[in-house]
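Biologist: Could you walk me through this fold? I would love to start with the sheets and finish at the surface.

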Amino acid sequence: MRESMLELAPEDILAALKHRGARRLKRVALRGNRSTIWSLTQGGTVLNLHEAYRFAPDAVLAAFALIVKKGGRRCAEVSEAQRVVREWPGLRPGLEAARSAKHSLRHRGCAGPGESVAYCCGTPRQRAYIRALYRYLNETRFEGALPDDVPVRLSSRMTSRLGHMTPGFTRQRGRFVVEIALNVDLMLEGNGFERLDTLLHEMAHAADYLTDGGLSHDEGWQAWARRVGCRAESRYERPVVRRRRRSDPVTRVPPLPPALRERMSLWRKTA
Ligand SMILES: [Zn+2]
């Protein structure tokens with residue numbers, strides 16, 4: 001996703017570093033690593049950078065140019081450059097986002113690397129349902145703390161996972177929520193409690209991330225979970241109804257909560 005003029009493509013970074021004297025460099029690759037922030041490989045000709053560096057300012061680019069120029073040799077100048085790139089404030093949110101994306105693979109779920117963020121397997125009516133439910137919960141449980149326009153989608157590719165929240169960060173926008181995704185099985189009959197609880201669970205992640213940068217099931221998330229009334233646990237132990245075969249389409253649209261149904265019929269009357 002390219003968002004702003006400030007976002008650099010790998011070729012832009014390569015050109016900038018060469019311009020600053022890193023002439024041996026042939027390629028720059030951006031990676032969503034959890035902890036490695038950069039590495040110089042293939043005899044010092046390939047620089048692998050954490051993707052957070054696509055928003056790197058000049059001072060950080062200059063430091064990388066020096067690191068590449070010195071080709072891994074140690075000296076005071078290189079140590080200082082390493083400190084500059086390591087302590088650049090834009091790095092932390094990017095690392096946290098990468099960690100959380102992988103972390104969520106292990107608990108309630110995640111769109112794996114192969115799953116498109118934009119793809120929703122839901123029908124138009126299911127999408128309208130999930131959107132109405134999100135807005136209703138945001139208003140009644142979160143006191144409107146979340147943005148109205150967070151993409152919420154259904155996924156038919158999650159297996160044991162029930163949902164996930166994907167955090168995003170750009171220098172221009174700051175923290176934002178890329179999407180919340182729910183396992184489409186949650187639309188099946190018998191999963192009413194799990195559907196509501198999982199959506200609240202992921203919305204609590206969104207609120208924790210947006211307000212405090214939290215990306216775990218620690219105190220910050222737990223406080224939100226208690227406040228909005230979902231189970232403050234990362235694992236879900238209750239049985240969930242599953243579709244029989246993974247290829248079975250799920251088109252069911254569950255009934256909306258009675259209070260929301262009432263409100264929607266009121267909207268219709270006044271519209
Ligand atoms: Zn979670």
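**Sheets and a charged patch**

Modeller: Happy to, and bear in mind that this is a predicted model. One open sheet has three strands in the order 4-6-5, with mixed pairing.

Biologist: Thanks! Which are the edge strands of that sheet?

Modeller: An edge strand here pairs on one side only. In the order 4-6-5, strand 6 sits between the other two. That leaves as edges strand 4 (152-155) and strand 5 (163-170).

Biologist: And in which sense do strand 4 and strand 6 run?

Modeller: Strand 6 covers residues 174-183, and four bridges join strand 4 to strand 6. One bridge pairs Val152 with Ile180 in strand 6. The sense of the two strands is parallel.

Biologist: What about the other open sheet, with the order 1-3-2: which are its edge strands?

Modeller: That sheet also has three strands and mixed pairing. Its edge strands each pair on one side only, and they are strand 1 and strand 2 (38-41).

Biologist: How many degrees does the twist average from one strand to the next there?

Modeller: We are still in the sheet with the order 1-3-2. From one strand to the next, the twist averages 20°.

Biologist: Which residue stands opposite Trp38?

Modeller: Strand 2 spans 38-41, and it pairs with strand 3 (residues 46-50) in the antiparallel sense over four bridges. Opposite Trp38, in strand 3, stands Leu49.

Biologist: Lovely. Now for the surface: where is Arg24, and which residues form the positive patch?

Modeller: Arg24 lies in the loop between helix 1 (10-19) and strand 1 (27-31). Arg24 is also one of the residues of a positive surface patch. The patch is formed by Lys18, Arg24, Lys26 and Arg73.

Technical notes: Residues numbered from 1 in each chain as written. Predicted model: local features only at pLDDT ≥ 70, side-chain atom pairs only at ≥ 80, totals over all residues. Heavy atoms only, no water. Patch = residues over 30% accessible without salt bridge, like charges linked within 9 Å, V, L, I, M, F, W, Y side chains within 5 Å. Areas by Shrake-Rupley, 256 points an atom, 1.4 Å probe, with all protein chains shown as cover. Salt bridge = Lys/Arg side-chain N within 4 Å of Asp/Glu carboxyl O. Lys, Arg positive; Asp, Glu negative; His and termini not counted. Charge placed at Lys NZ, Arg CZ, Asp CG, Glu CD. Pairing = 2+ DSSP bridges. Axes fitted to C-alpha atoms, helices over the stretch in contact; angles between N-to-C directions.
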